[in-house]
Amino acid sequence: MNVRALMAGLCLIVVTSACGSSVPPTGPGPIVTPPPDQGPPPPPPPSPPTLGVNRILAFGDSITEGTTSTTFTPFTLTAGLSVSYPFKLQTMVTGRYTTQTVSVFNGGKAGEKTVEGRERLGGVMKEAQAQLLLLMEGANDLNELPAGSTSVSAITGAMEDMVRNAQGRGMTVMLATIPPQRTGSGKSAAAGLVEKYNNDLRQMAAKKGAILVDVYAQFPLSLIGQDSLHPTEQGYQKIAEIFLDAIKARYEAPASTITGARR
């Protein structure tokens with residue numbers, strides 16, 4: 001063999017081994033970081049609150065009906081005018097108690113006095129088949145008292161009869177004081193007697209075991225409208241909120257977290 005060719009071959013082998021190889025170098029692999037510990041899964045969200053009653057009857061005069069200027073008389077019991085406090089109460093309970101159906105019925109009648117309400121209440125309660133009565137009436141009686149009269153006992157007596165009638169049917173009664181009135185208007189001629197009448201209602205509620213809802217104490221005069229007697233729409237919203245607070249305090253079961261075996 002030619003010595004020069006042999007040397008060239010050896011050189012080629014050495015250069016190939018030193019300068020390149022298809023075999024990758026050996027060594028430690030890449031570092032893999034394990035995912036962080038996520039812990040147990042979060043608990044499910046709490047269930048909505050529930051209410052211990054599902055049929056509510058609001059009864060009274062124009063302040064229950066929702067009178068602002070015109071009179072509305074439903075053919076059947078509904079939540080009534082959208083401005084009325086029962087309608088606004090219906091909207092709030094529907095939005096709050098989403099897992100049940102709660103119905104609020106508007107049994108208000110504009111211009112009614114308590115003796116007329118006493119006669120009408122039985123038929124309305126029969127139609128509504130409610131468990132809870134929201135009772136607020138008496139403003140028309142006060143404003144139709146003879147000039148100089150300061151006795152409200154007959155008005156309170158008619159209200160007591162209505163409380164007794166409802167309780168005799170197994171209903172819970174929430175008895176409301178009436179909102180304040182402005183003086184100096186033909187529609188609020190007896191504004192000075194409102195507080196006296198409300199004090200009598202408070203005493204009667206305690207005697208009869210009715211739940212007092214003190215609208216008067218929580219209702220600013222600024223929410224009474226131009227006629228000095230009827231609330232503005234914001235005033236009706238306020239009355240609905242006052243009643244809802246009372247209903248929640250008596251009947252609401254708080255939201256609860258549904259627990260179970262973790263997977």
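Where in the chain does Q129 lie?

## Q129 and S228

In this predicted model, Q129 is placed in the loop that runs between helix 4 (114-128) and strand 4. Its backbone carries a positive phi of about 50°, although Q129 is not a glycine. With a relative accessibility of 54%, Q129 counts as exposed, because the cut-off for that class is over 50%.

S228 also has a positive phi, near 70°, and is likewise a residue other than glycine. This serine is found in the loop between helix 8 (215-218) and helix 9. Is S228 buried or exposed? S228 is buried, since its relative accessible area is 9% and buried means under 20%.

## The sheet

Five strands make up an open sheet, arranged in the order 3-2-4-5-6, and their pairing is parallel. The edges are taken by strand 3 (103-108) and strand 6 (211-213), each of which pairs on one side only. From one strand to the next, the twist averages 20°. As a general matter, the strands of a sheet pair through backbone hydrogen bonds, in either a parallel or an antiparallel arrangement.

Within this sheet, strand 4 (residues 132-136) and strand 5 (residues 172-176) are paired in the parallel sense over four bridges. L134 stands opposite M174, the latter being in strand 5.

## Helices packed on the sheet

Which strands does helix 3 touch? Helix 3 packs on the sheet through strand 2 (55-60), strand 3 and strand 4, and its direction makes about 175° with that of strand 3. Helix 7 (residues 194-208) also packs on the sheet, where it touches strand 5 and strand 6, and the angle between its direction and that of strand 5 is about 165°.

## Aromatic rings

The structure holds one aromatic pair. The rings of Y85 and F243 have centres 5.0 Å apart and planes at 15°, so the pair is stacked, given that planes under 30 degrees apart count as such. The pair links distant parts of the chain, with Y85 in helix 3 (residues 85-96) and F243 in helix 9 (residues 233-251), 158 residues apart. Both Y85 and F243 are buried.

A further arrangement involving a ring is found at R250, whose charged end sits over the ring of Y251 at 5.5 Å from the ring centre.

## Two asparagines and their polar contacts

N54 lies in the loop between strand 1 (50-51) and strand 2. It is partly exposed, with a relative accessible area of 32%. Apart from its neighbours within four places in sequence, N54 is in contact with T101, V102, S103 and Q131. For the last of these residues, a polar contact of 3.2 Å joins the side chain of N54 to the side chain of Q131. The C-alpha atoms of N54 and V93 are separated by 9.8 Å, while the two residues are 39 residues apart along the chain.

N143, by contrast with the loop position of N54, is found in helix 5 (residues 139-143). N143 is buried, because its relative accessible area of 16% falls under the 20% limit. Which side chain is joined to that of N143 by a polar contact? The partner is Q181, and the contact between the two side chains is 3.4 Å.

Notes
Residues numbered from 1 in each chain as written. Predicted model: local features only at pLDDT ≥ 70, side-chain atom pairs only at ≥ 80, totals over all residues. Heavy atoms only, no water. Helix = DSSP H or I, 4+ residues; strand = E, 2+ residues; numbered from the N terminus. Buried < 20%, exposed > 50% of the residue type's maximum accessible area, 1.4 Å probe, protein only. Polar contact = N/O pair within 3.5 Å; in protein donor to acceptor, adjacent residues only side chain to side chain. Phe/Tyr/Trp six-rings, centres within 6.5 Å; stacked < 30°, edge-to-face > 60°. Lys NZ or Arg CZ within 6 Å of the ring centre and 35° of its normal. Pairing = 2+ DSSP bridges. Axes fitted to C-alpha atoms, helices over the stretch in contact; angles between N-to-C directions. Contact = heavy atoms within 4.5 Å.
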